[in-house]
Structure formats: C-alpha cells, structure tokens
Amino acid sequence: MELTGAEILVRSLKEEGVTHLFGYPGGAVLPIYDALYQQEDLKHILVRHEQAATHAADGYARSTGKAGVALVTSGPGATNAVTGIATAFMDSIPMIVITGQVPTNMIGNDAFQEVDSIGITRPCVKHNFLVKDVADLAKTIKKAFYIATTGRPGPVVIDLPKDVTVNKAEFNYPKEVSLRSYNPVVEGHIGQIKRAVTMMLSAKRPIFYTGGGVVLGRGAAELTALAQQLNYPVTNTLMGLGAYPATDKQFLGMLGMHGTYEANMTMHHCDVLIAIGARFDDRVTGNIEKFCPHAKIIHVDIDPSSISKNVKVDVPIVGSVTNVLQEMLAILKEGNKKPDEQALSEWWQQITEWRGVNCLKYDTESDKVKPQQVVEALYRETNGDAYVTSDVGQHQMWAAQYYKFDKPYRWINSGGLGTMGFGLPAAMGVQFAHPDATVACVTGEGSIQMCIQELSTCLQYGLPIKIIALNNRYLGMVRQWQEFFYDGRYAMSYMDALPDFVKLAESYGHVGMRIDNPADVDGAMEEAMKLKDRLVFMDFVTDQEENVYPMIPAGAGLNEMILV
Amino acid sequence: MENEAGALSRVAGLFSARGYNIESLTVAPTEDPSLSRMTVVTSGSEEIIEQITKQLNKLIDVVKLVNLSEDKHIEREMALIKVKAVGEAREEYKRLADIFNGRIIDVTEASYTIELTDSGEKIVEFIAAIKADQIIEIVRSGVSGIARGEKSLHS
Ligand SMILES: Cc1cc2nc3c(=O)[nH]c(=O)nc-3n(C[C@H](O)[C@H](O)[C@H](O)COP(=O)(O)OP(=O)(O)OC[C@H]3O[C@@H](n4cnc5c(N)ncnc54)[C@H](O)[C@@H]3O)c2cc1C
Ligand SMILES: Cc1ncc(C[n+]2csc(CCOP(=O)(O)OP(=O)(O)O)c2C)c(N)n1
Ligand SMILES: [Mg+2]
C-alpha cells in the first residue's frame, strides 16, 4: 500500500522503537502533525520552545542509551533547535532531529520560513540528510538511526520538505542497512590490547582515567570488574560519573579543573595512565605541557580522531569499551598475571595521604545555606539513586562533586558545550523515560531562567520533577572567575530583578518552597520528596560568594590546584 | 566519496571549521558515477596531517582516503596563462612554452594563451619565468593526484 511521507515517517519511527517524540508544530510540518493525530502509539510531547524539544530528547537518550527524537518546523523551529543539537554533538549523544523544510520546488527562493537547515547544522551533527524524494524516506530514517546510535554516537538531522511528507510511496522499512563509507571499528586490535595489558601490569603507579565513552558504550560493568581485579585507582571525567561506583573505595572522584585533590595528584604522579572512553579535554588536562609528566599512556576509544589529538599516547586502541575491556579481562585470566603488589601498596599509601587533605570540606557551621550541604541532603534523601540533571555553572560542579553516582545514566549534564538551560528540559526527557523514578534538576537562578517556560510543559504532562535551585543571586561561575582573575570586578554577573520563584512555580500550577536557613534544608528536602506526583521548585537561598574548590587555574598543571 | 550534493561542502566546512589549510582542491565524478574523487593539497605538521586524515575519514560521505604523499605518486595540474605577446616576446614565449612542454592554444596580435599541464611545482617555475608585468591572467585547476604503478584507491 502507498503511504504519504508523513505516514511513512510515523511508521518508521515506530519500527525503530521510538515511544516519545518531543516537538513543536508549524506550517512546514503540518502534514506530519496530521499523521501523528491519527495514531496513538507514538506519544508527542508539546514543549514550549524548540530548544527544549532537543534537550528533552537528549535527556531521554542520556538516561536510556536509546536515541531521543525531536520534531521541529522549518526556519525558526530549526534555528531554535540548533543549541540542543550542538549540545548533543559535543557530548556524543544519539539523537534524531526532524526539521520541516519548505517544499522542494521552493528551496533556495527565500521562501517563507526557509533556512538552510542542512548548512546551519552541518558542523554540529554527526550527519544530516535532506530527503528530496519520498521513495528515499524510509531508507534514510533507517540510516539516520544507524549512524546516530553506532560508533561514536551523535545527533543526526533529517530535513523534510513539506511536499515529501505529502507525496506517496510504497512503505517497506528496511531490515538492515549498510553504508560503504561508514563501518565503525568495534573490536580492538588484539596485539595492541596485549601490549596494553603488559604495560598495565608493569605499572607501579597506575590509574584508570575513564569518561563518557564508558557510559555511552555500556562498559561500566566491565570497567568495574577490571579495576577491582587489579585494585587500581579510578577517576572519572564529568561525563563519566557513574561509570564506576562513586562509593567504592578505589574511586578518587572527578578529575580536572574542579576535580578532587587526590584524583589530580594521582594523575600527575602516575607512571601508567589507562584512558578509556575519555577525550583529554582541556578542562581535564590543564596545561598540556605539564600533563602527566611521568606517564606511559594507553588510550581506548572508538573514534580514532580522539586518540593522540591533544596528548600523544603510547598504546592507542581503537575499539568499543566493552569489547576491549572484555578482551583485557580475558587476557588477564589466561595469563594469570598479577600486578606488582608491593608497589601498589605504596601507591595506595600515597593516595590515602592525598585523600587526607579532604579537599571537599566546607563550612558546616555557617548560618547561611551552603550549596554543598543542599546537594548532600539531596543525595541522602534520594538514597543516591535519583536521576540528576543539571544546568551549567557552580551548581553543576557541586552536584558532580557531592552527589555520589554509583550507576551510569544517572548523571545528566552538558559538559562539552556547557549549555545553560539544559537542565529542566533534559529532566523532562528523563522523567518520560523513567516515569516512576525520582528526577532532580540541580540548577542556578541564572540557568533556570533560560528554559523556565518548560514549567508549563511539566504541568501539562504531570512531570513530578524536583527542581533544586541553588540561588546565589549571581552568575556564580562567572563571578568566581571575576573574583579570582579580574580583581573582583563583577561585570554583569549579578542577577538583579529576580522573580519570586515560589510564586512563579505556583502560577505555573506547581509547588514552590523557599529555604534560607541551613537548619531547614533536610526537612524541606524530605517534604519535597514526599510530594511524589508534584513538581516542586525548591529555591535555596545560598551563600552568595561560595566558590567551587579545588580549582586549577588556566595554564597550571594538575598538581597546581587552588584549595579552599 | 559519495557523489552527493553536500559532500563537497562537508569537506570544505571541515577544513575551515578546524582551521586546516587548503592549498587546492579538485573534485569530479569517477568511472563509477555514484562516486566522485577529490584531491586535496594541504599542509601541516605530522600531528595535524594525522588529525586531518582522521577527521576526513569520519565524514560519512568519505568512502576511502589515501595520503598520496606517503608513497610514489603523480600530481598533475593544468594552468591557462594569458600573456602579453608583442614583438620579441612572441618568439620568447613560444620557446619558453616549448621548453616546458606547454601549448599555445589561443593567439591574438597582442597575446598568447598557453596551456601547461604538469606538477604544481613546474607550473610555479613556468610562471616565475615570465615577467610579472607581462601576465594578463592565470587560471589554475588545482592538483589531481594518482598513485604510481598498479596501486589504486580500490586496492
Ligand atoms: C562549567 C564546566 C566545568 C567543567 N569542569 C570539568 C572538570 O573539572 N572535569 C571534567 O572532567 N570535566 C569538566 N567539564 C566537562 C568538560 O568540558 C568535558 O565535557 C569533559 O571533560 C569530557 O569528558 P570525556 O573526556 O569523558 O569525553 P566525552 O565528551 O564524554 O567523550 C566520550 C569519548 O568516548 C568515546 N566513546 C564513545 N563511545 C565509545 C565506545 N562505545 N567505546 C569507546 N569509546 C567511546 C568518544 O569517541 C569520545 O572520545 C566541565 C564542563 C563545564 C561546563
Ligand atoms: C547559554 C550560555 N550562556 C552563557 C554561558 C556562560 N556561563 C557559564 S556558567 C554561567 C553562570 C551560570 O549562573 P547560574 O545558573 O546562576 O549558576 P551558578 O554558577 O550561579 O551556580 C554563565 C553565564 C553558558 N554556559 N551558557
Ligand atoms: Mg547563580
């Protein structure tokens, strides 16, 4: 039977197992909305801004490992989606974004609501497609999902001219897809893996430095098994949190600019660095010249271009984390070889000493609400088992430092692009994917205002998200840099004329709470979590000038942290 | 690479977005009409060339990539050079064209257009042999490259 392009799109998405579609209608996508109207399996979520559609799809993807899907109209719909696409791109998140387009015969004519969506998104997608013939549509959707979810994942845009969604074609969803120009390497080179294991076992001062790739590649179990078998210390990047259980004694916390003292010192002094699914970002390495001066480096990554990009490595291994880690475990088992116990015990002694610095200590006697205290209360009250999204700024760092993630997929934040406004819409996507789970959004009074309109979406769909606003009346991360590096000239970092968030939440139909006394933090948190079916906006009036420590200033090495 | 609309702009976009040099770029369909072949001449340190190679390979439209300069290869570029040709210069440019295996393909009373197909280097040498104020205009095609011997992109 022949179907319209819009019907083919809907049927294809179902074939891909898509359950939720985050979107916003407009002229160019009306035929698609008409097709959606006439079916029930695919749930469309109406957001309030296209940026939120992409972040929600992204949150859905980060918390499930499946591709998230967003649908937006041509022109302004597509341009509003760009921030979300770039956010997903920088963090390698599988996502499909369908953008409406003017009819094929009008492309290039400066038609109403026409933009070159393919051109605009080209540098921030894994790939994009303009579908010009309805006969190619099903095949293109199949390719798009395949590309988005395999290898190093990423967003794929499908640009759909209106006539293509109206024209008809026979519908056959392809069972398989193969692209002659795209064959991601999954299996690591066995010779290299053997070399890596030998190097690992020869280490006297080893460390695992693991990142988002372990989460994306579903390798947390293998990583945990390997690290525990060897009894080597582990540190995670901001994107890798949850890839190794944070409460385990071998875990040193996050590394990098706002990483722990013990993680950064262990990195700096290690002799063998085992990097897995991490991309040596500048927030992690600090000054490249001073990075891990004594280390031989092993690097496992599915994307060859991540390897030796910033730091030259000694044993590169291109492959998926699961595959390579399984091979490593097998080789260890076979060879029955053990690490150097003596050296390792001295190494752990040294690490224990660094831990003794207690770099995350903060003033618990203060009469002001400390942001760290709030995150710790959230951790306790949710038994460390919530999905936590965040926005960007100091609050993001405190969430990363003080909420101990034991499982992957629980920590959802924008690391690569650092997109303020991400937290709330991402939380919506997470809550749709996990309707019964506790979803908390740790945010700042600056960031939350960038997508605050989504409170309306949350009411419409009854999303009981807990918003934890660490309200310091400052663009705190900016203020911190101005305090440290611009002699305290706080240019435009004070957030003046703030709304009353309690009333604001209430006017959107939610529950609002303001907490300005440290003694009330635990009680309020408990009360909010009891409101299982309500969105609660918790406005914590925190110590205004609290800073994020430790901090590695620009140009410094990992061993040159500023401590409290 | 795939002979598809947009493939060229993905390559060009990659070079500009990542700040890599493009000295020249040529592209045209191949014996297989679904594929086109592009020769890019670029420069950079070993690390940069390694990144360029990896980044190009990542593009979904790129089917196969070879660094020709790692092995024996042939480079050819065509240039059309229009020069002022009056009086003694007519004989002189004719001789120069012969030395470089160029051909005079268009003649007027006051000008020659010389076609020269050779490596980029030879073309630069030829142009250098002509006095700058005698050149009316030059158009160069950019370099196309191919491996020596039986080796090909397919093998
Ligand atoms: C305000 C702010 C402060 C920040 N401070 C810090 C900080 O202190 N410390 C910190 O760590 N970060 C920090 N970041 C985040 C930082 O900018 C980077 O986003 C982050 O460090 C990158 O993490 P990653 O190396 O794990 O790479 P990701 O971006 O998660 O990349 C994943 C890597 O894994 C690879 N990969 C993907 N799938 C697989 C697979 N299946 N198998 C193998 N490999 C795979 C990819 O190719 C890629 O190379 C901060 C961000 C912000 C906004
Ligand atoms: C869209 C966007 N614009 C600007 C920035 C730069 N920026 C990074 S952190 C920050 C301050 C965030 O303030 P707030 O949300 O109140 O968080 P705080 O740092 O105070 O916890 C700014 C402006 C950004 N990351 N994203
Ligand atoms: Mg703030």
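A polar contact is a pair of N or O atoms within 3.5 Å. Keep that cut-off in mind as you look at these close-ups of a predicted model.

**View 1. Polar contacts hold our attention around ligand 2 of this predicted model.** Start with A:Gly418, where a backbone N or O atom lies 2.8 Å from a nitrogen atom of ligand 2. A second backbone N or O atom to look for belongs to A:Met420, and it lies 3.4 Å from a nitrogen atom of the ligand. Then turn to A:Asn472: an N or O atom in its side chain is 3.0 Å from an oxygen atom of ligand 2. Taken on its own, ligand 2 has 590 Å² of accessible area, and the protein covers 76% of it.

**View 2. The shell of ligand 2 is made of 17 residues.** The closest are A:Gln394, A:His395, A:Gly418, A:Ser447 and A:Gly476. If you sort the shell by class, you find 7 nonpolar, 9 polar and 1 charged. Helix α19 of chain A gives the most to this shell, with 3 residues.

**View 3. A magnesium ion (ligand 3) takes its protein donors from A:Glu445, A:Asn472 and A:Tyr474.** Here A:Glu445 appears twice, each time with an OE atom, while A:Asn472 offers OD1 and A:Tyr474 offers O. These protein donors lie 2.1 to 2.5 Å from the ion. Along the chain, the donors follow the spacing E-x26-N-x1-Y. How is the site classed, given angles of 52 to 176° among its 6 donor atoms? The site is irregular. For comparison, ideal angles for six octahedral donors are 90 or 180 degrees.

**View 4. Two of the magnesium donors, A:Asn472 and A:Tyr474, are they buried or exposed?** A:Asn472 has a relative accessible area of 7%, so this residue counts as buried, the cut-off being under 20%. A:Tyr474 is buried too, because its relative accessibility is 12%.

**View 5. Ligand 1 sits among 35 residues.** Those that come nearest are A:Gly212, A:Thr237, A:Arg279, A:Asp301 and A:Ser306. A polar side-chain atom of A:Ser306 lies 2.7 Å from an oxygen atom of ligand 1. A:Leu238 uses a polar backbone atom, 3.0 Å from an oxygen atom of the ligand, and A:Arg152 has a polar side-chain atom 3.4 Å from an oxygen atom of ligand 1. The protein covers 96% of the 990 Å² of accessible area that ligand 1 has on its own.

**View 6. Helix α9 of chain A gives the most to the shell around ligand 1, with 3 residues.** By class, this shell has 13 nonpolar, 16 polar and 6 charged residues.

Key: Residues numbered from 1 in each chain as written. Chains lettered and ligands numbered in written order. Predicted model: local features only at pLDDT ≥ 70, side-chain atom pairs only at ≥ 80, totals over all residues. Heavy atoms only, no water. Near = heavy atom within 4 Å. Polar contact = N/O pair within 3.5 Å; in protein donor to acceptor, adjacent residues only side chain to side chain. Areas by Shrake-Rupley, 256 points an atom, 1.4 Å probe, with all protein chains shown as cover. Helix = DSSP H or I, 4+ residues; strand = E, 2+ residues; numbered from the N terminus. Nonpolar A, V, L, I, M, F, W, Y, C, P; charged D, E, K, R; others polar. Donors = N, O, S within 2.8 Å, 3.2 Å for Na, K, Ca; no water. Tetrahedral: all angles 85-135°; square planar, octahedral: opposite > 155°, others 65-115°. Buried < 20%, exposed > 50% of the residue type's maximum accessible area, 1.4 Å probe, protein only.
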